[in-house]
Structure formats: structure tokens, C-alpha cells
Amino acid sequence: MARSRSSALFLPLVLIAVGGVLLTARWVRIDLAPALLLGVGLAFAVLATLQRSAGALVAGLLLLGAGAGIALGRKALLGIPASNWLFLCLGAAFIAVYLLGLLLRVARHWWPLVPGVALLLLGGAQYVSRVDLVPPGAQAFLQTWWPAALVLLGAVLLIRAIRA
């Protein structure tokens, strides 16, 4: 049975990525788990680029996002906690799936924007909640009444939809 070009490329790319990470670990002190995620993610991303494959693009970018999130989280860069880095990197990966899907003309689906924006907001909100950007008096007001903004926005959108 003949193998498809995708499967013929996949194994060599993964072997190169994993072997490269393991060789690098011999001379450079790296955390192996995120490095392997980054390596295999890069293999999938290269396959997606060569084959114009939406599935490989999603897998590759999500593995790259997870690997980057774990690596940055363990370093606690910029004082951002590990869980926030993971949310932020995975959110960026989903946004990249959408953008690269358009650029490579492999997918025109908007669905990656939903988890991407949600994860970016979740990671960003957790970080911003630790920083005092709003005066204390306004904080209490906002903490109590911010859901009213959602209700108001929903009502405006509902009225527009009914009128259209």
C-alpha cells in the first residue's frame, strides 16, 4: 500500500525534531518536557506549511503554544505566574491558527478566534487583577456592576438583531 506524501514527511520531521531536542539537551541545560513539545510542534508546523494541512497547522501551533507556555511559566518571566503563561501562549496559538490558516490558504474558519480570545482574556485578566490600575473606590463599583455592562451590551445587540 502506497503512503501519502503527508505520512512520508511526518515521521522524518518528528524524528529530526525529537533527535534535535535530545542532542541539544546533551550540551545545553534545557527543560526536556517543553522542549519536546516545541520540537514536535515545530515538526507539525513545518508539515502544515509544506502540505497546506489545516490539521497539522492546528496540532503544531497548539503544541508550540503549550511548550512555550510551560517554558515561560517555569521561568516566571515578567512576574507572570505559570498558569497565566500557559493561557496566554495557548490563546496566542489559537489566534495564530486563524491568521496562518488565512495566510497559507488552508482554512477560512473563524472558530480559533473564540478559544484564542477567551484564553488571552483569561490569562490577561488574572494578571491584570494583581495590578492596581483602577483607584480603590472605583474598584468596588466595577467589581459589583461590571455584569451590568454585559446585560446592556446584550440588550443593544438583541434590539439590533430584531430590527434587522
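Okay, let's start with Val28. At 45% relative accessibility, Val28 counts as partly exposed, because the partly exposed class runs between 20% and 50%. Keep in mind throughout that we're looking at a predicted model. As for where Val28 is, you'll find this valine in the loop between H1 and H2.

So what does Val28 sit with? Together with Leu22, Leu23, Trp27, Ile30 and Leu32, Val28 makes a nonpolar surface patch of about 590 Å². Which helix gives the most to that patch? H1 does, with 3 residues.

While we're on H1, have a look at Arg26, which is also in that helix. Buried or exposed? Arg26 counts as exposed, because its relative accessibility is 69% and the exposed class starts over 50%. If you want a feel for distances, take Arg26 and Ser53: they're 27 residues apart along the chain, and their C-alpha atoms are separated by 33 Å.

Now, the inside. In general, nonpolar side chains in soluble globular proteins tend to be buried together. Here the largest nonpolar core has 13 residues, and the members that touch the most others are Ala43, Ala56 and Leu57. Four helices each supply at least two residues of this core: H1, which is 5-27, H2 at 32-51, H3 at 54-75, and H4 at 82-104. Which one has the largest share? That's H2, with 5 residues.

Let me zoom in on Leu57. What does Leu57 touch, leaving out residues up to four places away in sequence? The list is Ala48, Val97, Leu100, Gly101, Leu104 and Val106.

On to the aromatics. How many aromatic pairs turn up in a search of the whole structure? Just 1. The partners are Phe94 and Trp111, with ring centres 6.2 Å apart and planes at 75°, so we call the pair edge-to-face; the reasoning is that planes over 60 degrees apart get that label. This pair links distant parts of the chain, since Phe94 is in helix H4 and Trp111 is in the loop between H4 and H5, 17 residues apart. Their surroundings are worth a look too. Phe94 is buried, because its relative accessible area is 14% and the cut-off for buried is under 20%. Trp111, with 39%, is partly exposed.

A little further along is Pro115, which is in helix H5, residues 113-128. Pro115 has 24% relative accessibility, so this proline counts as partly exposed. Which residue can we pair with Pro115 in space? Gly91: the two are 24 residues apart in sequence, but C-alpha to C-alpha the distance is 6.7 Å.

Last topic, backbone angles. There are two arginines I'd like you to click on. One is Arg52, in the loop between H2 and H3. Its phi is near 55°, which is a positive value in a residue other than glycine. Arg52 is partly exposed, given a relative accessible area of 47%.

The other is Arg105, in the loop between H4 and H5. What is phi for Arg105? Near 60°, again a positive value in a non-glycine residue. Arg105 counts as exposed, because its relative accessibility is 71%.

That's my tour, so over to you for questions.

Definitions and conventions
Residues are numbered from 1 along each chain as its sequence is written. This is a predicted model: local features need pLDDT of at least 70, side-chain atom pairs count only at pLDDT 80 or more; totals for chains, interfaces and linings use all residues. Side-chain values use heavy atoms; hydrogens and water are left out. A nonpolar core is a set of buried Ala, Val, Leu, Ile, Met, Phe, Trp, Tyr and Cys residues joined through side-chain atoms within 4.5 Å. Buried means under 20% relative accessible area, exposed over 50%, partly exposed in between (1.4 Å probe, protein chains only). Contact means heavy atoms within 4.5 Å. Patches are made of residues with over 30% relative accessible area and no salt bridge: like charges are joined within 9 Å, nonpolar side chains (Val, Leu, Ile, Met, Phe, Trp, Tyr) within 5 Å. Accessible areas come from the Shrake-Rupley method with a 1.4 Å probe; for residues, only the protein chains shown count as cover. A salt bridge is a side-chain nitrogen of Lys or Arg within 4 Å of a carboxyl oxygen of Asp or Glu. Rings of Phe, Tyr and Trp (its six-membered ring) pair if their centres lie within 6.5 Å; planes under 30 degrees apart count as stacked, over 60 as edge-to-face and the rest as tilted.
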